[in-house]
Amino acid sequence: MFANQNSSLASTFDISLKKSQSLVNYGNDLQKFDVSPLISSSSSSSALSTVPIPQSLVGGANPNPNPYLTSAAVSPDFNADGKADKLWVNTQTGEIIVRLMDGTKVMEQGSLGQFDLASWDYNIADFNNDGKTDFLLRNKTTGENNIAIMDGTKVASFSPLDKVDPGWTSSIGDFDGDRKTDIFWHNAQTGENAIWQMDGTTVVNATVLDNTSATLTPTIVDFDGNGKSDIFWRDETTGENKVWFMDGTQKSEFSLQSQDPGWSYTLGDFNGDLQTDILWRNAQTGENKIWTMNGIIVTEGAVSALDSSWTSNIGDFNGDGKTDIFWHNQTTGENTAWLMDGTTVTSEAFLPSNDPALTPSFGDYNADGKTDVYWRDQTTGADKIWIMDGTKATETPIAAEEQLGPEWYTT
Ligand SMILES: [Ca+2]
Ligand SMILES: [Ca+2]
Ligand SMILES: [Ca+2]
Ligand SMILES: [Ca+2]
């Protein structure tokens with residue numbers, strides 16, 4: 001199956017190289033990295049972003065009631081079947097591949113080509129709101145930016161955007177609530193900020209926002225749950241926190257309570273009201289607490305402490321739309337999951353332990369609305385998946401012929 005897939009991709013790429021040279025003048029860029037696999041040969045692809053999206057596709061194929069965890073802009077799903085897919089990067093060759101998942105099986109895989117990983121970075125996104133994950137590819141050295149609109153394992157279209165100086169970092173959000181990904185730009189050296197409101201691969205508005213103190217770090221959230229992204233600002237030195245509520249490029253700024261620099265945070269939606277919440281963790285003391293947000297109204301609740309060998313990840317393991325917390329002990333290999341209802345832990349799972357060397361990543365691979373756990377064995381490649389059902393985990397190994405060697409990394 002893979003052999004067929006690869007050979008059809010290979011012939012696609014041969015055609016696409018010729019096409020790309022006539023469609024877009026890349027100049028010297030072609031010498032810097034092999035861009036040809038990123039351009040699809042599909043003749044209809046260039047029109048893709050302007051085709052109205054059928055209403056039936058909006059909302060996605062995953063039954064989880066909370067799009068926060070399953071949106072294709074947040075969790076990779078390249079074919080819009082509601083099943084999370086896997087992205088892999090080969091740290092030796094720079095190749096990036098996409099694997100479409102069906103539960104614990106790999107349905108199909110395709111290559112995006114090879115990249116100089118020291119320069120190229122990516123964000124996942126959904127620029128055209130077709131429920132299929134896309135990429136913003138950015139070269140941190142040259143400032144080049146490209147959008148790859150994905151259709152399964154194929155690149156439906158590949159569009160260069162304007163360059164942005166290397167000092168700037170991109171984040172994705174949806175600031176006007178049209179469900180098409182926009183780009184937030186922040187310059188950590190100067191504190192400058194800007195938003196590109198996007199319609200597919202077109203920059204509709206490029207707007208410079210107010211400068212912030214260069215010590216503030218932005219994170220994209222939606223604290224008021226209106227479907228328009230907001231910006232959470234934290235100063236890791238002073239502990240200062242504030243928020244910009246966004247409506248397109250209009251902002252309203254509010255201060256939030258400071259949390260001293262010992263606290264780090266993970267975002268979730270623990271009460272399922274579609275307003276981003278915050279899990280605060282103090283790695284020194286092991287303390288944990290949750291802020292459920294309602295605009296700027298913060299409800300704080302302490303939850304149990306866990307020592308610094310535990311790391312937190314979020315998912316929704318019982319599929320009720322309320323984000324749960326998965327704890328992995330990097331020293332002992334122990335695991336537990338907390339099923340959450342706001343700031344209350346409604347049940348605690350005693351999950352199997354496994355080799356502490358294994359690294360978990362998260363997605364709903366079988367589209368039952370419940371987040372599953374992918375365990376990567378970086379040494380042997382003998383990965384396994386835990387299909388989750390609340391506090392129960394059913395383990396299935398990745399088939400031997402689908403295992404990837406130690407040079408491959410996944411997120
Ligand atoms: Ca999928
Ligand atoms: Ca898309
Ligand atoms: Ca849940
Ligand atoms: Ca699942």
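**Two four-stranded sheets in a predicted model**

Colleague: How many bridges join β18 to β19?

Modeller: Strands β18 and β19 run antiparallel. Strands here are DSSP runs of E with at least two residues, helices are runs of H or I with at least four, and both are numbered from the N terminus; two strands pair if DSSP finds at least two bridges between them. The number of bridges joining β18 to β19 is 7.

Colleague: On what basis should the model be read, and what is the average pLDDT of the protein?

Modeller: This is a predicted model, in which local features need pLDDT (the predictor's confidence in each residue, from 0 to 100) of at least 70 and side-chain atom pairs count only at pLDDT 80 or more, while totals for chains, interfaces and linings use all residues. Residues are numbered from 1 along each chain as its sequence is written, and chains are lettered from A and ligands numbered from 1 in the order in which they are written. A score of at least 70 is reached by 86% of the residues, and the protein averages a pLDDT of 87.

Colleague: Over which residues does pLDDT stay under 50?

Modeller: Where pLDDT is low, the predicted coordinates should not be read in detail. For the stretch in question the model has 69 contacts beyond four places in sequence, a contact being two residues whose C-beta atoms, placed from the backbone, lie within 7 Å. The stretch with pLDDT under 50 is residues 1-58.

Colleague: Which residue in the turn of the β18 and β19 hairpin has a positive phi?

Modeller: The hairpin leaves 2 residues between β18 and β19. One of the facing positions of these strands is W291, opposite E300 in β19. In the turn, a phi of about 65° belongs to G295.

Colleague: Which strands stand at the edges of the sheet that holds β18?

Modeller: Four strands form an open sheet in the order β16-β17-β18-β19, with antiparallel pairing. An edge strand pairs on one side only, which is the case for β16 (263-268) and β19 (297-303). Neighbouring strands are turned by 25° against each other on average, direction ignored; axes are lines fitted to C-alpha atoms, for helices over the stretch in contact, and angles run from 0 to 180 degrees between N-to-C directions. The edge strands are β16 and β19.

Colleague: Which residue in β18 is the bridge partner of I278?

Modeller: Strand β17 (residues 277-282) and strand β18 (residues 288-294) pair in the antiparallel sense over 4 bridges. The partner of I278 also stands opposite E300 in β19. That bridge partner is W291.

Colleague: Is M293 buried or exposed?

Modeller: M293 lies in strand β18. Leaving aside its neighbours within four places in sequence, M293 is in contact with F223, Q275, T276, D277 and V298, and its C-alpha atom is separated by 9.3 Å from that of D273, 20 residues away along the chain. A residue is buried if 20 or more other C-beta atoms, placed from the backbone, lie within 10 Å of its own, exposed if 12 or fewer, and partly exposed in between. Because M293 has 27 C-beta neighbours inside 10 Å, it counts as buried.

Colleague: Which strands stand at the edges of the open sheet with the order β12-β13-β14-β15?

Modeller: The pairing in this sheet of 4 strands is antiparallel. Each edge strand has a single partner strand, so one side of each is left without a neighbour in the sheet. Neighbouring strands of this sheet are turned by 25° against each other on average, direction ignored. The edge strands are β12 (216-221) and β15 (250-256).

Colleague: Which residue in β15 stands opposite D247?

Modeller: Strand β14 (residues 241-247) and β15 pair in the antiparallel sense over 7 bridges. Opposite D247 stands Q250.

Colleague: How far apart in space are T238 and T215, C-alpha to C-alpha?

Modeller: T238 is placed in the loop between β13 (230-235) and β14. With 13 C-beta neighbours inside 10 Å, T238 counts as partly exposed. T238 and T215 are 23 residues apart in sequence, and their C-alpha distance is 8.8 Å.

Colleague: What is the burial class of A367?

Modeller: A367 lies in the loop between β24 (359-363) and β25 (372-376). Its phi is near 55°, a positive value in a residue other than glycine. Because A367 has 20 C-beta neighbours inside 10 Å, it counts as buried.
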